[in-house]
Amino acid sequence: MKYLLFFFFTITTFSQDLGRLTGSFESNSAYNFIDSTIQSIETVDRIKTDKFLSNSYLQLIYNYGDIEFGMRYEAYQTPLLGYDERYKGQGIPYLYGRYRNDYIDITAGSFYEQFGSGLILRAYESRALGIDNNLNGVRVKLHPTDGIEFTGLFGKARNFWGLSEGNVRGADLNVELNSLSEDIFGTDNIITIGGSMVSRYEEDNSLKLKLPANVFAYTTRASLIGPSYSFDVEYAKKYNDPTGLNNFKYNDGQALLVNASYYSGGFSILLNAHKLDNMDFRVDRNAVSNQLTLNFVPPQARMQTYGLATIYPFATQLSGEGGAQAEVSYNFEEGSAIGGEHGMIVTLNGSIIKTTDSSKVDDYMYDYNFFSVGKRLYFHDVNFEITKKFTDDFKVNFTALNAIYDRNQIEGGNKSGKVYSTGLILDATYKINDKHSVRTELQHLWVAQDSVPLITDVYNGNWAQLMIEYTIAPSLYFTVLDQWNYGNKFEDKRTHFSTFNFAYIFGATRLSIGYGRQRAGLLCVGGICRPVPASDGLNLSITSSF
């Protein structure tokens with residue numbers, strides 16, 4: 001810690017005369033109480049040992065002309081519940097130097113990168129998910145002329161407080177054809193083509209199998225963006241990569257992603273589809289959970305934000321799935337017969353995801369038709385949403401949803417087969433005056449299951465939620481929330497998950513203090529999820545930038 005403070009004050013003093021120093025700070029802490037009504041035995045045992053938990057981050061970036069230096073200090077008193085305990089400790093896991101001008105961009109040290117949609121490479125940080133797979137090595141970006149960008153990189157991925165055993169090498173080329181020749185391709189549409197290559201090298205340390213030390217993957221992609229439409233397609237292939245997560249199958253992996261959209265006036269339509277098989281790609285072949293992930297496949301289900309709608313979220317099944325999503329939206333303009341004085345937006349969204357169609361050949365191979373879809377339904381939902389402003393001071397958002405969720409596949413194990421849920425959500429905001437406003441959420445979720453729920457499962461049955469948020473602009477927020485699984489088959493498992501939260505914003509700093517129960521479940525961001533255990537306690541969050 002003393003070295004970090006020395007570095008901070010030294011560079012701050014230096015920046016008074018030369019360059020510019022910016023930074024940010026974030027700290028999330030919790031003091032947990034034992035609540036055997038909602039907590040598992042494992043959680044109770046951990047709280048007995050560590051009641052105070054904290055994740056803290058300090059990031060500094062120094063710029064001087066074309067040169068940039070950056071670092072991030074992290075401290076985990078003991079990681080918050082749901083985070084891997086191997087994060088416990090403190091140090092500087094992110095440190096880099098960078099030089100860039102109009103033609104070249106060179107980074108040495110830690111960096112994040114994504115090729116295309118991320119089908120074969122996405123090095124990124126998501127603190128909510130406990131993911132940080134930044135690469136440590138060298139990255140070079142070349143921009144020789146307008147419309148052409150090339151990226152080459154080599155490095156190892158962060159693995160908690162160390163680095164991966166495997167090495168990552170990659171190259172990416174992106175070409176915007178319009179910039180190369182407006183005479184041929186015109187200016188009405190933006191046409192882009194590109195491709196990527198990634199190689200993961202890790203020594204074969206198996207005594208039983210012959211494992212490929214070098215796993216190669218590539219993608220090709222193209223996109224078209226017009227005045228009122230867009231279309232893009234990307235195909236990826238990963239050569240045989242047997243790991244514990246795919247039961248040491250030697251099949252190649254493939255992924256196809258297609259996106260299209262059209263928008264005109266108040267009407268818009270979005271269409272997305274993907275097909276993938278055996279596309280779990282890791283820096284180390286023995287990594288599990290969200291550890292050392294190397295790629296990312298965008299989800300084909302709507303990412304829900306309302307509390308009860310997130311109880312059964314979908315996570316992309318990298319072992320294999322075929323999915324499609326469509327969304328249609330229409331904005332009834334102000335003054336129209338349906339829109340009224342303030343207009344109205346209506347949105348209909350739906351998705352369906354199924355398994356792949358495959359058959360076993362032997363213990364290490366299987367047959368499958370990449371363009372066919374299996375019979376098992378993983379997830380299906382329909383969402384209908386109306387956003388209506390009745391007056392300058394009163395606005396309502398109404399949502400109705402219906403979903404089918406294969407809990408055994410998505411969460412693993414043999415829990416409850418398919419879960420069928422139907423929800424209604426009313427979100428109303430009333431502006432009292434220029435500074436004071438109140439927002440209320442009323443939510444209800446009806447739940448049915450294929451099989452009899454487990455007596456230990458506190459989360460079965462119907463749910464109700466009430467949330468009231470009072471705002472005093474621009475600095476104060478007060479929130480009261482209660483979630484109640486009143487429909488649980490077992491009366492002693494019917495539980496109120498109540499929370500109280502206060503937030504204060506001053507300048508670039510936000511302080512939040514809360515108390516209450518948090519239900520267990522899956523926390524998902526962009527189709528990637530991590531399990532979150534139930535908790536009961538005090539929470540403190542501070543974020544600031546300078």
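Helices here are DSSP runs of at least four residues, numbered from the N terminus. With that in hand, look for helix H5, which covers residues 407–411 and holds Asn408. Keep in mind as you go that this is a predicted model.

Let's stay with Asn408 for a moment. Is Asn408 buried or exposed? Its relative accessibility is 18%, and buried means under 20%, so Asn408 counts as buried. Its side chain also has a partner: it reaches the backbone nitrogen of Gly417 at 3.4 Å.

Now move along the chain to strand S25, residues 463–472. In a regular strand, side chains alternate between the two faces of the sheet. You can follow that pattern in S25: Trp463, Gln465, Met467, Glu469 and Thr471 make up the covered face, while Ala464, Leu466, Ile468, Tyr470 and Ile472 make up the uncovered one.

Strand S25 has neighbours to look at, too. Strand S24 (residues 436–449) runs antiparallel to S25, and 10 bridges join the two. To find a spot where they meet, look for His444, which stands opposite Ala464 in S25. Strand S26 (residues 476–484) also pairs with S25 in the antiparallel sense, this time over 9 bridges. Here Met467 has Leu481 of S26 as its bridge partner.

How many residues sit between S25 and S26 in their hairpin? There are 3. Pro474 lies in this loop, and the peptide bond leading from Ala473 to Pro474 is cis, with omega near 0°. That is worth a second look, because most peptide bonds are trans.

Backbone angles give us two more stops. Most residues other than glycine have a negative phi. Asn247 has a positive one, near 55°, and so does Leu292, whose phi is also near 55°. Asn247 sits in the loop between strand S16 (229–238) and strand S17 (253–264), and Leu292 is in the loop between strand S18 (267–277) and S19. What about their surroundings? Asn247 is exposed, with a relative accessible area of 54%, whereas Leu292 is buried, at 4%.

Next, turn to the surface. Tyr229, Tyr262, Phe267, Val328, Tyr330, Leu348, Val382 and Phe384 form a nonpolar patch there, with about 630 Å² of accessible area together. Strand S19 (320–332) and strand S21 (366–389) are the elements that give two or more residues to this patch. Take Phe384 as an example: it is found in strand S21 and is partly exposed, with a relative accessible area of 31%.

For a loop residue that is tucked away, try Tyr83, between strand S3 (67–78) and strand S4 (89–100). Tyr83 counts as buried, at 14% relative accessibility. If you want to get a feel for distances in the model, compare Tyr83 with Gly194: they are 111 residues apart along the chain, and their C-alpha atoms are separated by 36 Å.

Finally, let's visit the cysteines. A disulfide is a covalent bond between the sulfur atoms of two cysteines. The structure holds 1 disulfide, and it joins Cys524 to Cys529, with 1.8 Å from S to S. Why is this disulfide called right-handed? The torsion about the S-S bond of Cys524 and Cys529 is about 105°, so the disulfide is right-handed. Cys529 is buried as well, with a relative accessible area of 15%.

Notes: Residues numbered from 1 in each chain as written. Predicted model: local features only at pLDDT ≥ 70, side-chain atom pairs only at ≥ 80, totals over all residues. Heavy atoms only, no water. Buried < 20%, exposed > 50% of the residue type's maximum accessible area, 1.4 Å probe, protein only. Pairing = 2+ DSSP bridges. Disulfide = S-S within 2.5 Å. Polar contact = N/O pair within 3.5 Å; in protein donor to acceptor, adjacent residues only side chain to side chain. Patch = residues over 30% accessible without salt bridge, like charges linked within 9 Å, V, L, I, M, F, W, Y side chains within 5 Å. Areas by Shrake-Rupley, 256 points an atom, 1.4 Å probe, with all protein chains shown as cover. Salt bridge = Lys/Arg side-chain N within 4 Å of Asp/Glu carboxyl O.
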